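Biologist: I'm new to this one, so could you take me through a single part of it up close? Something with aromatic rings would be great.

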Amino acid sequence: MEAAAPAAETQVDRSLGETATGGVGGNPTLSAAVRALGLSAPPPRLAQSVVLIVECGFVLTGFLNIADARPGPLTLVASALGFSLVFLLQLVHTTQRLRRFRARWYRWTLTLQALLTYLPLFVLGFGWGGMAGFLGASLLLVLRPTVAWPLFGLVTVAAASTGPLLGMHFVGSVYIAVSTVLTGLIVYGLNRLAQLVVEVHAAQTELARLAVTQERLRFARDLHDLLGYSLSAVTLKSELACRLVPAAPERALEELRSILEISRQALSDVRTVARGYRDMSLSTEAVSAQAVLAAAGIQAEVECRVDLPEGEVSTIMATVLREAITNLLRHSKAEHCRIEFRGTSSGDLVLTIANDGVQKTATAFRDPSDGSDGSGLGNLQFRLASIGGHLKSGLDEAGWFVLRAAVPLGQTACQAD
């Protein structure tokens, strides 16, 4: 025999739970169900209080049945003590805070409750018969179902047989048996429902925690992917403007205007990141990337062989392009860059960014999700995976560093290779 598993506790904010990505175990339907249950379920303390009141009511009813028979003072005190011990044992078998104690000592507590159930029966008679229902509930709550239900059946049979043993008529014997079954099932059912309420609220708490963590990660990713690009562009154009001021002031003024525009866009990006996810145009980012590369003295070639999508795919692929250009400007000494958009026969959009400015330290394409490429490419891999895409990087045969991102477009029309 083994003790039942413990439950968890506390309540959660619905609005936070609704932003948790993937839901419980990656199942958004399950997370929605957990939130719905949590909204309609009573608070855990109220559910547990209801169980406690019902158990107190059953014990008090048993004691009143004994008192109604007008026993002697000693018998009345002994029965009050017995009812109190049964009630305390019932608490041991149901209270979550005592689950460790119960897991270690449940054999002894169940044995003690069985003795308190049957030994006083032959002294106190009919009034004590209802305590067998508490024993049945404890068995169902503490033991494995394969063991608990047969034992619950034995408790019911024993309750039915106590009537003839006590010299009771047939109706009284049936009453004790039915009372035992109903008491056991009611106490068991209420305790299980209270545990489920606690577990639902605990699951909602976990959803809220995951939602907060996910929002922090989203904010960090957006800041890295959006501002990293803008600040790199501002730095490069500022350096270029400084060099152009003595020799070409008109060109320097043009670069300063461009810096002002990028700075305004960066400010807008920060505000948008604080509000939520930002829609980005892939075609606009391609034009912007070509301009930034040209300002850095890098010969850029952009080739588009497919109609560029809109919506989430456009936003994520534009973010990939931004991060690739940011890494190129920060970490390479490229002179040439090639940006290509193409479709595949399987309906995928493939973005390829290649440059000749890296040292030949890699020999094959690799998956950046292993973390070896820093947080930037890891963020992009996370974004692409959310829409079924993937990211690879490495050196091609010509020694160029190539970053390739692919996402499915579904029914979107695109040209085959």
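Modeller: Sure, what follows is a walk through the aromatic rings and where they sit.

First, the model is predicted, so to speak of local features takes a pLDDT of at least 70, side-chain atom pairs count only at pLDDT 80 or more, and totals for chains, interfaces and linings use all residues. Residues are numbered from 1 along each chain as its sequence is written, and side-chain values use heavy atoms, leaving out hydrogens and water.

Now the rings: Phe, Tyr and Trp (its six-membered ring) pair if their centres lie within 6.5 Å, with planes under 30 degrees apart counting as stacked, over 60 as edge-to-face and the rest as tilted. By that rule there are 2 aromatic pairs. One joins tryptophan 149 and phenylalanine 152: the centres are 5.8 Å apart and the planes sit at 75°, so the pair is edge-to-face. Both residues belong to helix α8 (residues 145-165), 3 residues apart, or about one turn of the helix. Helices here are DSSP runs (H or I, at least four residues), numbered from the N terminus.

How do they sit relative to the surface? Buried means under 20% relative accessible area, exposed over 50%, and partly exposed in between (1.4 Å probe, protein chains only). Phenylalanine 152, at 7%, is therefore buried, while tryptophan 149, at 40%, counts as partly exposed.

Tryptophan 149 also forms an edge-to-face pair with tyrosine 188, at 6.0 Å centre to centre and 85° between the planes. This pair links distant parts of the chain, as tyrosine 188 is in helix α9 (residues 170-247), 39 residues from tryptophan 149 in α8. Put together, the ring pairs link Trp149, Phe152 and Tyr188 into a cluster.

Terms used. Helices (H or I, at least four residues) and strands (E, at least two) are DSSP runs, numbered from the N terminus.
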